[in-house]
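Biologist: I am new to this model and would like to go through its pockets and its charged pairs with you. Could you put it on the screen before we begin?

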Amino acid sequence: MKKSLIYTLAIGILAVSACKKLPDGNLSDIIRYEVLPMQIKKGRAEVSTAINPAGSSKPTEYKLIKIYEKDSGKDVTDIFLKTYPIKIWTRLYDSKVDNTIEKIDAKRKDTVMTALSINKFSGAIESNENTLQLPSGNYLFDLEIKNSNGTRVYPKIGEFALVDAPLYEVPAVRSTVAMKVGAETTTKSISSNASHIKVEKLAAKENKIIVRIVDKNGEPFNPKAGEVDRRPLSGTAVGFLQTMQDYSLTTTLFDDRMEFTYGVVPFPLVSLGNGFNYYYRIPAKYVKFDDSLALPYNTYSCNARFSFQAFVGGTYQIDVIVPQVTRVKL
């Protein structure tokens with residue numbers, strides 16, 4: 001009888017507990033970022049890893065409160081709250097459709113915003129090209145986090161490193177190959193290395209790439225006169241290997257260079273194939289190979305490949321140097 005009474009009381013307690021109203025929400029004590037510090041590359045549009053809400057009730061909102069220098073503890077929030085002009089997308093960009101600056105600008109609008117911010121719904125750090133205006137270094141930050149349970153400030157919950165990053169990359173080593181006219185499977189590689197491409201950023205404005213293909217003496221070949229051409233696909237395939245004009249909004253040929261305009265960064269945004277390599281041909285009659293290569297004049301074309309990708313807008317000049325080759329003027 002006594003055991004039966006105890007059992008009945010236990011069931012009753014459980015029933016009362018089950019009917020008790022639960023809290024409206026949970027705001028965890030262990031909300032955290034899994035990766036610290038988060039690395040932010042200056043000048044690039046990036047999104048960091050999201051915060052781990054650690055079981056907090058959703059929806060959860062995040063607000064940046066303060067930023068500090070990690071080493072000194074100095075409050076530098078004002079530096080990061082400064083706003084800068086920027087173009088933002090209002091509709092989805094499609095590189096195949098948006099092939100003029102007018103079409104691109106129709107999908108963007110001018111605004112002002114901070115170079116770095118916290119995504120309200122994920123807690124991720126979002127950065128843009130204007131991080132170039134911010135001082136490099138390691139930083140800690142406070143977040144205000146809110147959900148149905150209430151609002152709390154989490155001091156120094158996050159850490160990021162704002163680091164200098166290349167404005168551009170040359171992903172692949174330069175290559176040059178001689179191909180026999182009329183028998184293109186007969187080839188001879190010409191030793192090329194990283195010294196055979198030189199890149200310089202000339203200006204922050206006007207999104208343009210200037211490409212000069214030059215001989216071993218630094219004399220440029222003349223694209224306008226046909227001294228630089230597209231390289232055909234191998235075998236019986238019809239068409240050409242990719243060149244920079246395949247990615248560009250406009251292409252203009254000059255006596256000593258090619259100029260390509262672009263509308264978005266990174267440029268190119270997505271590879272059409274073969275990475276970010278560009279393939280060009282100098283017809284046989286315009287090249288004299290060094291005697292050491294044993295390639296008789298006007299029997300082999302010279303085929304230069306280079307790679308390039310820009311992460312920050314502006315004007316760049318690329319000199320593609322073809323070693324062991326002298327330009328022939330006709």
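**Pockets and salt bridges**

Modeller: The largest pocket has a volume of about 1,300 Å³, where a pocket is an open set of points on a 1 Å grid over the protein atoms alone, at which a 1.4 Å probe fits, with protein on both sides within 12 Å along at least five of seven lines, and a volume is the space filled by probe spheres set on the points, joined across faces, edges and corners. Of the 41 residues lining this largest pocket, those closest to its centre are Ile86, Lys87, Arg108, Glu129 and Val265, a lining residue being one with an atom within 4 Å of a point. This is a predicted model, in which local features need pLDDT of at least 70 and side-chain atom pairs count only at pLDDT 80 or more, while totals for chains, interfaces and linings use all residues. Residues are numbered from 1 along each chain as its sequence is written, and side-chain values use heavy atoms, with hydrogens and water left out.

Biologist: Which element gives the most to the lining of the largest pocket?

Modeller: Strands and helices here are DSSP runs numbered from the N terminus, with at least two residues for a strand (E) and at least four for a helix (H or I). Among the elements that each supply at least two residues of this lining are helix H3 (101-105) and strand E5 (108-114). The most, five residues, comes from E4.

Biologist: Is Arg108 buried or exposed?

Modeller: Arg108 is among the residues closest to the centre of the largest pocket, and its side chain meets that of Asp105 in a salt bridge (2.9 Å, N to O), that is, a side-chain nitrogen of Lys or Arg within 4 Å of a carboxyl oxygen of Asp or Glu. The classes are buried under 20% relative accessible area, exposed over 50%, and partly exposed in between, with a 1.4 Å probe and protein chains only. Asp105, at 31% relative accessibility, is partly exposed. Because its relative accessibility is 18%, Arg108 counts as buried.

Biologist: Which residues are linked with Asp256 and Arg257 in a network of salt bridges?

Modeller: Asp256 and Arg257 form a salt bridge, their closest N and O atoms lying 2.9 Å apart. Asp256 is partly exposed because its relative accessibility is 26%, and Arg257 is partly exposed with a relative accessible area of 23%. The network joins these two with Glu206, Lys208 and Glu259.

Biologist: How many salt bridges does the count come to?

Modeller: One of them joins Lys107 and Asp98, with the closest N and O atoms 3.0 Å apart, and both Lys107 and Asp98 are buried. By this rule the count is 23 salt bridges.
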